[in-house]
Amino acid sequence: MECGIIGLPNVGKSSLFSLLSNIKVLIKNYPFSTITPNKSIINVYDDRLIKLSKIFNFNKLQYNYINLIDIAGIIKNSYKGKGLGNMFLSYIRNTKILINILRFFYNKKIININNIIDPIYEKKIILNELIMKDIEIIEKNIKIKKNNINKLNKILKIFKKKNKNDIIKICNDEKKIIKQFNFLCLKPIFYICNIDKYTKRDEILFIKEYFNKKKEKILFLNIKDIRKNKSKKKIKKLINKIYYKLNYNTFFTIDNKKKQICSWKIKKNSYAYKASDRIHSTFSKRIIKVEVINSKKIIKNKIINYKKFLSIKNKYYIVKDGDILFFKLKK
Ligand SMILES: Nc1nc2c(ncn2[C@@H]2O[C@H](COP(=O)(O)OP(=O)(O)OP(=O)(O)O)[C@@H](O)[C@H]2O)c(=O)[nH]1
Ligand SMILES: [Mg+2]
């Protein structure tokens with residue numbers, strides 16, 4: 001699974017999942033209503049795809065998608081087995097990216113296991129659980145391993161200080177050693193504050209500033225309200241927003257024979273050879289060059305015969321969002 005929704009119990013994780021996936025799931029006003037995770041594939045609507053298909057008169061379109069999993073609530077000491085125990089952690093380990101929902105709605109009828117409304121506090125609880133689980137793994141390895149003990153001890157010391165920037169730094173320095181661990185706290189997290197009509201503007205600004213200072217991504221959503229006034233257009237927009245917050249870019253490929261356009265997602269700022277790997281795992285070894293035109297140019301000028309506008313780049317070309325790529329490969 002690629003993207004996990006995490007957070008304290010009863011904060012609206014399943015509500016967001018249901019909104020994005022259009023699947024009915026158990027949404028109840030009690031903690032731990034989700035036990036078995038909900039999973040779904042979410043199509044990422046892209047109007048460039050429609051516009052391109054009209055210009056080229058193609059009829060086969062392939063949208064991008066996000067593989068989403070809605071995971072059980074985490075509480076203090078979950079890493080030791082409290083609440084629903086450790087189960088959720090193995091699901092998190094199999095994700096690449098996390099959305100952490102933070103409660104910022106005041107409705108007193110909805111059980112709040114914290115008794116206070118404080119997104120920063122919630123963020124810290126979750127991050128702490130992830131770090132604690134990582135610490136447990138490092139300690140286990142120190143016990144059973146003979147190699148790299150000194151380095152592992154050094155890493156452990158930094159993890160115990162629980163400063164995420166320092167953790168990221170040591171992990172960058174010791175890439176080779178830490179690779180095997182797939183640490184939970186290193187997964188990119190994007191935060192969603194679930195607000196309601198009682199959440200005040202200045203509170204939102206305060207939280208926004210806090211996250212901005214830390215260079216962390218945050219979005220404020222009234223999930224309940226969006227669910228009530230379900231507008232397809234709004235939901236499509238929201239999925240798009242989340243897609244870009246998750247640090248993806250889109251590139252397109254064209255198959256003239258099949259009359260097909262495909263969209264592909266890649267991490268922002270990826271090289272062309274990485275993009276070619278998305279199509280087939282042997283491509284990155286065979287790529288010689290890539291021909292590029294951005295879809296914006298085609299759409300703006302309604303260019304059907306794009307061939308003379310293609311620019312030739314090498315395999316280290318950094319793919320831009322909306323690029324149409326033609327990979328030239330060694331036989
Ligand atoms: N007032 C208000 N209630 C909400 C909002 N979002 C969710 N709820 C309510 O909060 C309760 C919990 O919602 P869920 O989506 O099940 O929360 P969850 O995080 O998946 O909970 P667990 O699976 O138990 O961890 C439900 O009664 C929802 O209707 C919101 O934005 N405002
Ligand atoms: Mg749930």
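Two strands are said to pair if DSSP finds at least two bridges between them. With that definition in hand, let us turn to the model above, which is a predicted one.

I begin with the strands. Strand β1, residues 3-7, is joined to β4 by three bridges, and the two run parallel. Within this pairing, G4 stands opposite I69 of β4. Strand β4 also has a partner in β2, residues 38-44: seven bridges join them, and here the strands run antiparallel. Please find N38, which stands opposite D70 in β4.

Now consider β4 by itself, residues 64-70. Which of its residues form the covered face, and which the uncovered one? The covered face holds N64, I66, L68 and D70, whereas Y65, N67 and I69 make up the uncovered face. A general rule helps in reading this pattern: in a regular strand, side chains alternate between the two faces of the sheet.

From the covered face I take one residue, L68, whose place is in strand β4. Is L68 buried or exposed? A residue counts as buried when 20 or more other C-beta atoms lie within 10 Å of its own. L68 has 25 other C-beta atoms within 10 Å, and it is therefore buried. Leaving out residues up to four places away in sequence, L68 touches C3, I5, F17, L20, S21, S40 and I42. As for S15, which is 53 residues from L68 along the chain, the C-alpha atoms of the two are separated by 13 Å.

L68 leads us to the nonpolar core. The largest such core has 48 residues. Those with the most contacts inside this core are I5, L16, L20, L68, I101, I192 and C193. Let us look at I101 in particular. If we set aside its neighbours within four places in sequence, I101 is in contact with I5, G7, V11, G12, K13, L16, I192 and N194. Apart from the largest core lies another, of 16 residues, among them I287, V290, I293 and L325.

We return to the strands for a second group. Strand β6, residues 189-195, is mostly covered, with five of its seven residues buried. Seven bridges link β6 to β5, residues 97-104, and these strands run parallel. In this pairing, L98 has I189 of β6 as its bridge partner. Strand β6 is also joined to β7, residues 217-221, by five bridges, again in a parallel arrangement. There, F190 has K217 of β7 as its bridge partner.

Next, a helix: α11, residues 272-279. Its buried residues include A272, A275 and S276. Why do these three lie on the same side of α11? They cover an arc of only 100° around the axis, and this puts them on the same side of the helix. The general background is that an α-helix has 3.6 residues a turn, so residues three or four places apart point the same way. What do the buried residues of α11 pack against? They pack against β8 (248-255), β9 (260-267), α12 (283-286), β10 (287-294), β11 (311-313) and β12 (323-329).

I come now to the ligand. How many residues surround ligand 1? There are 25, and the closest are G12, S14, T34, G73 and N107. The elements that give two or more residues to this shell are α1 (13-21) and α9 (223-228). The largest share, three residues, comes from α1. Sorted by class, the shell has nine nonpolar, 12 polar and four charged residues.

Three individual residues remain. F32 lies in the loop between α1 and β2. Its phi is near 65°, a positive value in a residue other than glycine. F32 counts as partly exposed because it has 14 C-beta neighbours inside 10 Å. N77, in the loop between β4 and α3 (87-93), also has a positive phi, near 70°, and is likewise a residue other than glycine. With 13 other C-beta atoms within 10 Å, N77 is partly exposed.

The last residue is N165, which lies in helix α6, residues 164-173. A residue is exposed if 12 or fewer other C-beta atoms lie within 10 Å of its own. N165 has 9 such neighbours, so it counts as exposed. Finally, N165 and K82 are 83 residues apart in sequence, and their C-alpha atoms are 27 Å apart in space.

Key
Residues numbered from 1 in each chain as written. Chains lettered and ligands numbered in written order. Predicted model: local features only at pLDDT ≥ 70, side-chain atom pairs only at ≥ 80, totals over all residues. Near = placed C-beta within 6 Å. Helix = DSSP H or I, 4+ residues; strand = E, 2+ residues; numbered from the N terminus. Nonpolar A, V, L, I, M, F, W, Y, C, P; charged D, E, K, R; others polar. Arc of directions from axis to C-beta. Contact = placed C-beta atoms within 7 Å. Core = buried A, V, L, I, M, F, W, Y, C linked by C-beta atoms within 7 Å.
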